[in-house]
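Student: I'm new to this one and would like to learn how to read its features. Could you walk me through it?

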Amino acid sequence: MTPRKPARRPASTTPIYDRSANRSLRAGLFKLVLLVGVPLLLLSLYGQPALRFEYTWYGNENARTHTRCVYLALDGWHVIRPPYGFNQCPIIKLLPIDLMNFLLG
């Protein structure tokens with residue numbers, strides 16, 4: 001006698017109406033909020049990164065005194081005039097950001 005294969009179980013197509021389906025929706029929504037909220041929180045705490053594109057200076061080549069720096073940030077161009085005695089404009093600088101203005105337009 002040859003062994004028989006067990007019969008296939010019928011597939012259940014009945015939707016599951018319990019709390020496990022609701023948990024996956026909540027987890028997905030929580031991950032989406034984290035994906036958007038964490039970068040916005042970091043921007044508001046530390047500022048936005050800005051890259052220096054242009055600067056003007058006077059003085060010796062070895063001892064420059066910057067008078068004007070132009071940075072490109074997430075919300076556009078920024079012109080920074082360093083205070084007297086502060087003679088460097090870093091290549092990358094963190095500038096403050098107004099989140100409501102950044103988000104709404």
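**Salt bridges and a nonpolar patch**

Tutor: Let's start with arginine 64, which is partly exposed (between 20% and 50% relative accessible area, 1.4 Å probe, protein chains only; buried is under 20%, exposed over 50%), because its relative accessible area is 25%. This is a predicted model, where local features need pLDDT of at least 70 and side-chain atom pairs count only at pLDDT 80 or more, while totals for chains, interfaces and linings use all residues. Residues are numbered from 1 along each chain as its sequence is written, and side-chain values use heavy atoms, leaving out hydrogens and water.

Student: Which residue forms a salt bridge with arginine 64?

Tutor: Side chains of opposite charge can pair when their charged atoms come close. A salt bridge here means a side-chain nitrogen of Lys or Arg within 4 Å of a carboxyl oxygen of Asp or Glu. Arginine 64 pairs with glutamate 61, their closest N and O atoms being 2.7 Å apart. Glutamate 61 is partly exposed, at 48%.

Student: How many salt bridges does the structure hold?

Tutor: There are 2. In the other entry, arginine 68 meets glutamate 54 at 3.2 Å, N to O. Arginine 68 is in strand E2 (residues 64–73) and glutamate 54 in strand E1 (residues 48–59), so the pair ties together parts 14 residues apart in sequence. Strands are DSSP runs of E, at least two residues, and helices are runs of H or I, at least four, numbered from the N terminus.
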